[in-house]
Protein chains: 2
Amino acid sequence: MQFNDVLELVRDDLERVSEAIRANFESDVALIPTIGNYLSNNGGKRLRPIMVLLSSRFAGYAGARAITYSCVVEFIHLASLLHDDVVDEAELRRGGPSANSNWGNEASVLVGDFLFAKSFALLAKENVPEVLTSLSQASCHMAEGEVLELVNHGNLQIAEEEYLDVVYRKTAALFESCCEIGAYLGQLDAGAAAALRAYGRNIGLAFQLVDDALDYVAHEDRLGKSIGKDLEEANVTLPLILLHAQASPQERAFLNGLMEAERVDKRDLATVIEYMERYHIIEEVLGRARAYADAACEALKPYNANGDSEPLMAVANYVIERQE
Amino acid sequence: MQFNDVLELVRDDLERVSEAIRANFESDVALIPTIGNYLSNNGGKRLRPIMVLLSSRFAGYAGARAITYSCVVEFIHLASLLHDDVVDEAELRRGGPSANSNWGNEASVLVGDFLFAKSFALLAKENVPEVLTSLSQASCHMAEGEVLELVNHGNLQIAEEEYLDVVYRKTAALFESCCEIGAYLGQLDAGAAAALRAYGRNIGLAFQLVDDALDYVAHEDRLGKSIGKDLEEANVTLPLILLHAQASPQERAFLNGLMEAERVDKRDLATVIEYMERYHIIEEVLGRARAYADAACEALKPYNANGDSEPLMAVANYVIERQE
């Protein structure tokens with residue numbers, strides 16, 4: 001099964017998710033639907049809703065709650081994107097101007113707050129304590145992960161395990177929660193539910209490592225955002241951590257200099273990419289990502305008797321092979 | 001009954017609220033408790049927790065949930081302060097440097113997100129759908145109110161009713177929700193619950209109008225933040241709206257100029273204050289605030305047979321007479 005088949009499988013559901021997203025952006029404060037629609041029409045992959053939908057199907061649930069929760073996880077994700085772009089002073093997002101370049105940081109902070117509040121208003125309406133607990137804890141983890149990332153700016157000495165903990169919190173916790181929702185909706189037994197959570201967590205880790213790698217190799221027109229952004233912001237991700245660990249003293253000195261530099265130009269980025277090629281860093285990062293994706297599939301293998309895990313496994317492949 | 005008597009009445013409870021706040025700031029991400037403790041030790045009046053505590057007592061509830069919910073409403077308030085100070089580029093808050101001056105906008109946005117997420121994690125643990133609904137809707141209103149305020153920057157033509165709608169959303173909705181929580185905890189009948197909500201809503205409106213007035217009259221050393229901040233940011237509040245409506249064409253032209261100005265200096269502020277004195281604007285704003293406080297007390301009068309409303313009425317007085 002390919003990712004396109006997965007998209008076909010959930011196409012109608014995703015259409016309903018899009019409708020729910022549009023409906024829940026509504027507010028008599030016009031700037032909220034304006035920014036909301038801009039964000040949600042801006043070519044997001046809707047990966048987190050897909051995780052909710054596929055996990056629910058895997059667990060044998062096909063009701064309307066999966067649509068609402070898909071909308072909620074996308075809102076939480078969009079809120080964090082809005083705030084991230086403010087924190088990172090990002091000018092581009094998915095090939096177009098970021099919301100903060102169009103409407104200012106103030107609006108991005110406040111509309112992010114609205115989306116976040118609205119998520120919990122939707123959860124209150126559904127009134128399922130297990131889901132509320134899962135998503136509120138994932139949201140705490142996300143904020144903690146973002147703060148940790150901020151604190152570790154420019155720190156090339158960060159231990160790999162510590163970095164992976166940041167990745168778990170800022171990205172993988174929400175993926176894990178998406179799958180936990182599906183397990184809950186389908187009332188899976190404890191073993192299968194744990195497997196589904198492990199799948200989500202590993203997909204989230206793989207997804208973020210691929211993101212980190214793409215920031216050093218993607219073509220600007222495909223990724224839809226500038227490459228070298230992490231380097232420019234001294235945002236230390238796995239490629240830099242691995243490079244720093246293997247680099248010569250001279251190369252390390254250069255890297256350390258970039259962490260302190262006022263600005264990083266195209267030539268600096270080219271040098272770093274050259275170092276990364278020398279030590280096959282990107283291959284190594286993508287290898288780790290592949291290992292997480294494999295672990296994700298492994299967790300679901302015992303539950304694939306009737307091919308039930310196939311769509312989720314296709315997502316694991318897509319997460320690794322995507323170029324954007 | 002004076003406000004000091006009210007503080008005495010809830011002193012032990014407020015101590016327990018402070019402990020809950022400290023405990024719930026905890027995170028292995030050290031910057032979160034650092035900023036959290038800075039905020040919560042920075043001399044806040046804890047007015048929203050006091051509203052939860054007094055409403056609960058009024059409704060005949062004296063259990064532990066009032067402590068937890070007091071902590072939650074303070075977290076929601078602190079999160080919104082953190083984000084407001086980023087939006088307003090505030091350098092001072094309660095007499096000390098604001099969190100964003102100390103730790104940067106990025107940390108303020110993200111720690112605000114943490115406090116907000118943590119609020120909903122605490123609500124998930126308590127698992128009372130009515131309270132979750134009330135606070136998630138109040139949070140949506142707050143975000144909408146802040147966006148509206150932003151959109152109306154520099155707009156001296158804003159209708160008074162529209163401005164009061166902004167005030168309801170950004171400030172009064174949370175006060176109303178604090179009182180609704182108390183009504184729910186004490187299982188008040190519908191009539192008394194509606195009265196308590198009306199009290200909270202009117203207190204919130206009065207509180208914000210006094211805040212707006214104090215920004216044009218308070219002494220810097222007492223208010224703990226610079227005066228003239230609203231004018232500087234072209235943040236149009238009731239004093240400016242009323243002044244603009246009554247001002248001469250010349251005075252209006254001056255006010256319009258200030259809305260467009262790159263910066264507003266002390267002399268400009270002095271001129272605006274002189275205009276306000278000419279038209280008795282601050283008296284008028286404080287008169288409106290007093291009317292809201294009176295309406296708050298009026299709502300509770302039928303329930304004061306045994307003096308049960310006295311502490312809440314004392315808060316209404318304090319909100320009007322406070323100098324900071």
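Okay, one definition before anything else: a residue here is buried if 20 or more other C-beta atoms lie within 10 Å of its own, exposed if 12 or fewer, and partly exposed in between. Keep that in your head, and remember too that this is a predicted model.

So let's try it out on A:N127. How many other C-beta atoms lie within 10 Å of A:N127? There are 13, so A:N127 is partly exposed. You'll find A:N127 in the loop between helix 6 (99-126) and helix 7 (129-151) of chain A. The backbone there is a bit of a curiosity: A:N127 isn't a glycine, yet its phi is positive, about 60°.

There's another one like that over in chain B. B:A234 is a residue other than glycine with a positive phi, near 55°. It sits in the loop between helix 11 (229-232) and helix 12 of chain B. B:A234 has 17 C-beta neighbours inside 10 Å, so B:A234 counts as partly exposed.

Right, let's step back and look at a whole chain. Chain A has 16 helices and two strands. Its radius of gyration is 20 Å, close to the 20 Å the globule rule gives for 324 residues, so chain A is as compact as a globular protein of that length. If you want a box to picture, the C-alpha atoms of chain A fill roughly 60 × 50 × 30 Å along the principal axes. Of the 324 residues in chain A, 52% count as buried. And if you take the contacts in chain A with a separation of 6 or more, 76% of them are between residues 24 or more positions apart.

Now, how do the two chains relate? Turn chain B by 180°, with a shift of 0.0 Å along the axis, and it can be laid on chain A with an RMSD of 0.0 Å. That's the relation of a two-fold axis. As for the contact itself, 35 residues come from chain B and 35 residues from chain A. On the chain B side, the elements giving two or more residues are helix 3 (31-40), helix 5 (65-87), helix 6 (99-126) and helix 7 (129-151). Which of them gives the largest share? That's helix 7 of chain B, with 14 residues. By class, that side of chain B has 23 nonpolar, seven polar and five charged residues. And 100% of the interface residues of chain B are also interface residues in chain A, so the copies meet through the same surface.

On to the inside. The largest nonpolar core has 221 residues, and the members that touch the most others are A:A206 and B:A206. Leaving out residues up to four places away in sequence, A:A206 touches A:A289, A:Y292, A:A293, A:A296, A:V319 and A:I320.

My favourite piece to show you is helix 4 of chain A, residues 47-58. Its 12 residues, at 1.5 Å a residue, should span 16 Å, and the end C-alpha atoms are 16 Å apart, which agrees. Is this helix mostly covered or mostly open? Mostly covered: 11 of the 12 residues are buried. Among the buried ones are A:P49, A:I50, A:M51 and A:V52, and also two arginines, A:R48 and A:R57. The cover includes helix 2 (11-25), helix 5 (65-87), helix 8 (160-185), helix 9 (190-217) and helix 16 (310-321) of chain A. After helix 4 of chain A comes A:G60, with a positive phi near 90°.

Compare that with helix 12 of chain B, residues 238-246. Buried there are B:L238, B:P239, B:L240, B:I241, B:L242 and B:L243. Those buried residues pack against helix 8 (160-185), helix 9 (190-217), helix 14 (266-278) and helix 15 (281-300) of chain B.

Two last residues. B:R252 lies in helix 13 (residues 249-260) of chain B. With 16 C-beta neighbours inside 10 Å, B:R252 counts as partly exposed. Leaving aside neighbours within four places in sequence, B:R252 is in contact with B:H244 and B:A247. Its C-alpha atom is 9.3 Å from that of B:L156, and those two are 96 residues apart along the chain.

Then there's A:D294, in helix 15 (residues 281-300) of chain A. A:D294 has 14 C-beta neighbours inside 10 Å, so A:D294 counts as partly exposed. A:D294 and A:P33 are 261 residues apart in sequence, and C-alpha to C-alpha they are 39 Å apart in space.

That's it from me, thanks.

Technical notes:
Residues numbered from 1 in each chain as written. Chains lettered and ligands numbered in written order. Predicted model: local features only at pLDDT ≥ 70, side-chain atom pairs only at ≥ 80, totals over all residues. Least-squares fit on C-alpha atoms with pLDDT ≥ 70 in both. Contact = placed C-beta atoms within 7 Å. Helix = DSSP H or I, 4+ residues; strand = E, 2+ residues; numbered from the N terminus. Rg over C-alpha atoms; globule rule 2.2 N^0.38 Å. Nonpolar A, V, L, I, M, F, W, Y, C, P; charged D, E, K, R; others polar. Core = buried A, V, L, I, M, F, W, Y, C linked by C-beta atoms within 7 Å. Expected span 1.5 Å × (residues − 1).
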